[in-house]
Amino acid sequence: MNRRNTVWIMLLACCSLGLPRAQAMESLSLREVINEVIQHRPELEISNIEMALAENATRSLEGLLDPRFQAQAGLSEEQTPVASSFQPTRQRTAQLSASIQKPLSSGDTLGLDARYTRLQQSFNSPFAAQLAAINPAYRSQINLNIRHPLAKGNEFPSYVLGKQAAREQETAAYLQWKVTAYQLMLGAINRFFTLAKDELNIHYALLAVKRAERLLQYQKRRASLGLVEETARLQAEALLSARKTQLQQARLQYEIDRTELNRFMIRPTQATVRIQLPPLPVIQSLDTGKALQMATRQRPDFAVFDARIRAQEARLLMARDQDRMQLDLVAELGTRSLAASAGKAAASTLSINDKYAALSVEWSDALHRHQEKSAIREAELTRQKLQAQKRQLAESVHDDLARLQSTISSLREVLRLAHRQLDTERRKFAAEMQLYREGRSDTHNLIQTEHDLYLAEQQWQTQQLSLELACWQWQWATGALVSWLPEFSGHMAPQP
């Protein structure tokens, strides 16, 4: 019978003899425990909100391409002193204007504006009023313009690079969800094996109680025949009491750890659990260098830093664009009309007889650009900080791998020796029991031999589960368990 079957039989015996009775004891594998944790932990709900915020930030950037409308209507009256009767003494103006600006992803801006004006003048001289050709006069104009940035804003980095940075932040938010889930997985693994250890502690404590009970019954029979002193029976009773106390302590610790695992899975505190130990993972190599390379490729926390660094590089390019001078080429083309009636003035605007065309260059710049240079410096430092944090993570993972490598290598040898010691203690106890029955040993030696066997059993099972836990922690540290994460089923799941 191999070791895995032996451990499984022990756990079944532990569940049937040593654990509290329940109507239905649920059997959970390691993977099922992990799935329960990931499905119910509130930490992942927070990550979902972070993902929604990142998605909303990306959507808000589309507003940079939204058209902008503006409209204005007004009335005015102006009365001024005049030096000649041919000058108007009063002017009444009614004006309507509207414009629309549409930014393009190339950085250009298209604009269209229209203006409609009614002007009426008053004169002191009736003769001068007769000379006024059109009174009231209706004017209208339409202008189409395009603004092309030659320096700052060329190719619209605020939109293009901003959208790139936002997409990387979306990816980072999704990966952060995986980081949180992956960290929860480690917590589930540790608690799972803690409870498995408690179950085996109960099993070996039960074996010790059974041995002590058999010894006490044997001593009682011999005492009734006058073959041993009363002291021998008292020693057996003391041993049984000690073993029952240890069994109760093991059961108490099991209840504590079972409650912790249930709460970690967001289950009722008193829910019963039976642990199904998974097969020991196969580790091809304990080379920490290769393991670190695997971790940097597979673990989501490294991918989060990569996404954030790419987003920060896009922000750095945006900051550098803001440090450039403003130089725009503006082209305008429009029509003009003047008429004595409102309808004719509006219709004449569609004619190209009276037109307007212009081409200009606009330039503006700041003298010292303290704000822009500070923004560039901040973006550069933030990128350097992220890169340093990624290196720090790599060193931390390397430390974990080195510790686990040493632990696994040592435990393999310790487990081999512990198994040999357990086999020896079992044979020694059987031999000591035979000597005791033959009257060639005393109760003290028998109890000491049983104690040595109990310690050997505890040592063997402790080292065995410690090795299994270390192997699973190694798999986790290298990122080999990322495939165990369930697919995200929330509102978004951008691909990294």
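**Core, sheet and salt bridges**

In this predicted model, F193 touches L30, L277, P278, L465, E468, L469 and W472, leaving out residues up to four places away in sequence. F193 also turns up, with M185 and I189, among the residues that have the most contacts inside the largest nonpolar core, a set of 88 residues. Helix α5, spanning residues 157–224, gives the most to this core, putting in 25 residues. As a rule, nonpolar side chains in soluble globular proteins tend to be buried together.

Not every buried residue of α5 is nonpolar, though, and E168 is a case in point: E168 sits in helix α5 and has a relative accessibility of 15%. E168 counts as buried because the cut-off for that label is under 20%. Setting aside neighbours within four places in sequence, the contacts of E168 are A307, R310 and A311.

Then there is the sheet. Six strands form an open sheet in the order β2-β3-β4-β5-β7-β8, and the pairing is antiparallel. At the edges are β2 (68–79) and β8 (355–364), each of which pairs on one side only. From one strand to the next, the twist averages 15°. Within the sheet, β4 (residues 109–122) and β5 (residues 137–149) pair over 11 bridges in the antiparallel sense, and T109 stands opposite R147 in β5.

On to the charged side chains, where the count comes to 24 salt bridges. One of them ties two strands of the sheet: R92 pairs with E77, with the closest N and O atoms 3.7 Å apart. R92 lies in β3 (residues 90–103) and E77 in β2, so this salt bridge ties together parts that are 15 residues apart in sequence. R92 itself is partly exposed, at 30% relative accessibility.

A more local case is E55 with R59, whose closest N and O atoms are 4.0 Å apart. These two are four residues apart in helix α3 (residues 43–61), so about one helical turn separates them. Both ends are partly exposed, E55 with a relative accessible area of 24% and R59 with 49%.

D323 and R369 also form a salt bridge, the closest N and O atoms being 3.8 Å apart. This pair links distant parts of the chain, 46 residues apart: D323 is in the loop between α8 (300–322) and β7 (326–339), and R369 is in the loop between β8 and α10 (370–437). D323 is buried, with a relative accessible area of 14%. Finally, salt bridges link R211, R243, E450 and E457 in a network.

Definitions and conventions. Residues numbered from 1 in each chain as written. Predicted model: local features only at pLDDT ≥ 70, side-chain atom pairs only at ≥ 80, totals over all residues. Heavy atoms only, no water. Core = buried A, V, L, I, M, F, W, Y, C linked by side-chain atoms within 4.5 Å. Buried < 20%, exposed > 50% of the residue type's maximum accessible area, 1.4 Å probe, protein only. Contact = heavy atoms within 4.5 Å. Pairing = 2+ DSSP bridges. Axes fitted to C-alpha atoms, helices over the stretch in contact; angles between N-to-C directions.
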